[in-house]
Amino acid sequence: MTLWDEVSTGLLEPSAVATFTSYPNPASDMAQVQIGMVRDEKVQLRLFDASGKLISERNDLMAAGTNVIQLSVKDLAAGLYQLALSYDGGFKSLKINVIK
């Protein structure tokens, strides 16, 4: 009986996203989302409230290097939000605390 019959011989490709941060955190008016890319990559950013409701969605082609996106939070209710970053072969998320 064979439990494992698959052999991997290649190297894993490094993640396209090196860094994913937001500042200031907590934020009351504007948050800057910084995404450090290893290579050019299509990404999807989605902002969810604490109940999991999708608040905003954005699709972009991010260039290799540091990308900064301004995220307006002034019209959001105070509370915790999750910012999800999806890209080919990966996913990262971070929490953003909105204060008034």
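**View 1. Burial across the chain.** Of the 100 residues in the chain, 31% count as buried. The model shown is predicted. About 6800 Å² of the chain is exposed. Carbon and sulfur atoms supply 53% of that exposed area.

**View 2. The strands along the sequence.** The chain holds seven strands and zero helices. Read along the sequence, the pattern is β-β-β-β-β-β-β.

**View 3. Contacts across the sequence.** Take the contacts in the chain with a separation of 6 or more. Residues 24 or more positions apart account for 55% of them.

**View 4. An open sheet of three strands.** The order in this sheet is β1-β2-β5. The pairing is antiparallel. From one strand to the next, the twist averages 15°.

**View 5. The edges of the open sheet.** β1 covers residues 17–23, and β5 covers residues 65–72. Both strands stand at the edges of the sheet. Each has a single partner strand, so one side of each is left without a neighbour in the sheet.

**View 6. The pairing of β1 with β2.** β2 spans residues 30–37. Six bridges join β1 to β2, and the two strands run antiparallel. Tyr23 stands opposite Gln32 in β2. Residue 23 also closes the β1 range, 17–23.

Terms used
Residues numbered from 1 in each chain as written. Predicted model: local features only at pLDDT ≥ 70, side-chain atom pairs only at ≥ 80, totals over all residues. Heavy atoms only, no water. Helix = DSSP H or I, 4+ residues; strand = E, 2+ residues; numbered from the N terminus. Buried < 20%, exposed > 50% of the residue type's maximum accessible area, 1.4 Å probe, protein only. Contact = heavy atoms within 4.5 Å. Areas by Shrake-Rupley, 256 points an atom, 1.4 Å probe, with all protein chains shown as cover. Pairing = 2+ DSSP bridges. Axes fitted to C-alpha atoms, helices over the stretch in contact; angles between N-to-C directions.
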